[in-house]
Structures are given as C-alpha cells and as structure tokens.
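Me: Please give me a close look at a single part of this model, the nonpolar core and what surrounds it. I work with computed structures, so spell out the cut-offs as you go.

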Amino acid sequence: MARLAESDAAERQIRDLMRDEANSFCADCSAKSPMELNLTMGTFVCRECAIEHRSAKRRVKSLETGSLMYDDAELMAAVGNARANSHWLANWNPREFPEPKPGDASALREFLWLKYEGSWAKPGARNPAEESRDRPGPPPGYDTVRGGPPPPPRRGGYDAYDTYRAPPPPRHSMPPARYESESSSDSDRGKSKSKKSSKKSSKKKKS
C-alpha cells in the first residue's frame with residue numbers, strides 16, 4: 001500500500017512537470033507528449049528515443065507502466081528538458097546537423113551519439129542529473145514531493161501514506177490524579193483517627 005501511494009504521488013508530480021512547455025516535447029527529437037523518463041539524463045523523451053537510450057544502457061522508465069518513486073520525481077524536477085539541453089546542446093549547430101525527424105532511426109542514433117557522447121556538451125561541466133544526485137538531501141522528515149513536513153500519524157490505523165501505524169500501548173501506571181486522591185483520602189483517614197482518639201482521651205479524663 002505504501003509503495004503504491006508513493007508511485008501515485010510521484011506520477012502526479014511528474015505529470016505536473018510535463019505542463020512546462022520544454023517538458024511537453026521530447027528532449028531529443030521534439031515529438032509531442034513524451035511518455036518516457038530518461039533517468040540517466042533527467043529528461044522526458046518519446047518511445048522511439050527511449051529505445052535508443054535503452055540500447056545505450058541508459059536507465060529509462062515509462063510514465064504509463066513504470067513503478068515510479070519519489071527519487072524519480074525529485075530528479076525530473078531538478079533537471080528537466082530545458083536544463084539538460086542547455087548542457088548537452090551547448091555547442092550544437094543546427095545548421096550543420098539538424099534535429100532528426102521522428103521516425104528516422106539512423107539519423108536519430110547519430111544525433112544521440114553526438115549529443116551525449118560527442119563534443120556538443122558544455123566543456124568541463126558534469127551531467128546535470130549526476131549533479132542533482134550528489135547534492136545533499138532535505139532534512140529528515142521533509143516531504144520532497146508534497147513539500148513541508150509529512151502529515152502526523154494517526155493514533156491507530158493508516159496514515160496519509162497508507163502505512164499502518166499501531167495504536168499506542170495502554171498505560172499500566174496509575175495516573176497522577178489517582179495518586180493525589182489516594183494520598184488525600186489517606187490523610188483524611190489519619191485525621192479522623194486522631195479525632196476519635198482525642199475524643200476517647202477526653203472522655204477518660206472526665207470520668
């Protein structure tokens with residue numbers, strides 16, 4: 001249940017990121033509505049480009065069938081198509097090598113090699129996705145997908161993440177109020193005993 005809730009929350013955030021104009025097109029061939037996530041590069045790509053990335057041993061997940069995690073959503077939010085292309089296409093000249101058209105597999109394969117393995121990338125800079133992974137994480141307890149601290153757990157049952165939380169154990173110790181009532185009753189008993197004894201002594205004196 002918790003894993004399913006995490007996947008659903010991550011997918012919602014990733015779909016929100018796709019509303020950005022740069023993420024609504026494939027990062028490599030500009031095909032509309034990309035549904036694959038290139039997690040090695042932090043980009044949104046189409047299915048044709050995803051096939052080429054998988055053959056190049058890059059990590060790709062499908063938005064429709066993949067099991068998404070919070071880390072995936074964080075990566076895509078930190079990188080995305082605009083930031084990735086500003087790095088990988090820093091020295092690209094579209095007149096010398098135009099962007100491949102969807103369906104042209106040979107041109108696409110060559111374009112991807114020049115983009116990610118050739119000399120188009122920004123010199124001396126690291127892969128933006130790797131930089132995002134190396135950054136220190138948020139403080140403990142911070143919900144990076146929803147933002148802010150996580151919701152407090154309930155006293156029993158399932159919390160907001162569908163994680164079962166056992167109710168707190170019963171208290172075996174006596175509450176302080178009970179102690180106070182007992183101590184007060186003991187003192188009252190002592191006072192009554194002292195009054196009775198004083199009355200008996202006074203009667204003896206009179207007799």
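Reply: Here is a walk through the core, with the setting first and the surroundings afterwards.

This is a predicted model, in which local features need pLDDT of at least 70, side-chain atom pairs count only at pLDDT 80 or more, and totals for chains, interfaces and linings use all residues. Residues are numbered from 1 along each chain as its sequence is written, and side-chain values use heavy atoms, with hydrogens and water left out.

Let me start with the overall setting. The protein chain has seven helices and five strands (DSSP runs numbered from the N terminus: H or I over at least four residues for a helix, E over at least two for a strand). Read from the N terminus, the order of elements is α-β-β-α-β-α-α-α-α-β-β-α. Of the 207 residues in the protein chain, 33% are buried (under 20% relative accessible area with a 1.4 Å probe and protein chains only; exposed is over 50%, and partly exposed is in between). Among contacts (heavy atoms within 4.5 Å) with a separation of 6 or more, 57% join residues 24 or more positions apart.

Now to the core itself. The largest nonpolar core (a set of buried Ala, Val, Leu, Ile, Met, Phe, Trp, Tyr and Cys residues joined through side-chain atoms within 4.5 Å) has 34 residues, and those with the most contacts inside it are Ile14, Cys26, Leu37 and Cys49. At least two core residues come from each of α1 (2-17), β2, α2 (47-55), α3, α4 and α5. Helix α5 gives the largest share, four residues. As background, nonpolar side chains tend to be buried together in soluble globular proteins. Cys49 is a handy place to zoom in: beyond its neighbours within four places in sequence, Cys49 is in contact with Cys26, Asp28, Cys29, Leu108 and Leu112.

Helix α4 is one of the contributors to this core. Which residues of helix α4 (residues 80-88) are buried? They are Gly80, Asn81, Ala84, Asn85, His87 and Trp88. These residues lie on the same side of α4, because their arc around the axis, taken from the directions to the C-beta atoms, is only 155°. In general, an α-helix has 3.6 residues a turn, so residues three or four places apart point the same way. The cover over the buried residues of α4 includes β2 (43-45), α3 (70-78), α5 (105-116) and α6 (128-134).

The charged pairs come next. By the rule used here (a side-chain nitrogen of Lys or Arg within 4 Å of a carboxyl oxygen of Asp or Glu), there are 11 salt bridges. One of them joins Glu52 and Arg109, with 3.1 Å between the closest N and O atoms. Glu52 sits in helix α2 and Arg109 in helix α5, so this pair ties together parts that are 57 residues apart in sequence. Glu52 is buried, at 13% relative accessible area, whereas Arg109 is partly exposed at 45%.

Another salt bridge pairs Lys61 with Asp72, their closest N and O atoms being 2.8 Å apart. It links distant parts of the chain, with Lys61 in strand β3 (residues 60-62) and Asp72 in helix α3, 11 residues apart. Both Lys61 and Asp72 are buried. Arg126 and Glu130 also form a salt bridge, at 3.8 Å from N to O. Arg126 is partly exposed at 39%, and Glu130 is partly exposed at 38%. Shared partners join Arg59, Lys61 and Asp72 into one salt-bridge network.

For contrast with the buried residues, take Ser119, in the loop between α5 and α6. Ser119 counts as exposed because its relative accessibility is 60%. Leaving aside neighbours within four places in sequence, Ser119 is in contact with Asn91 and Leu114.

Finally, a word on confidence. The mean pLDDT (the predictor's confidence in each residue, from 0 to 100) of the protein chain is 77, with 63% of residues at 70 or more. Confidence is highest in β2, at a mean of 98, and lowest in strand β5 (residues 164-165), at 44. Over residues 153-166 the pLDDT is below 50, and this stretch has 29 contacts in the model beyond near neighbours in sequence. Residues 178-182 also stay under 50, with one contact beyond four places in sequence. Where pLDDT is low, the predicted coordinates should not be read in detail.
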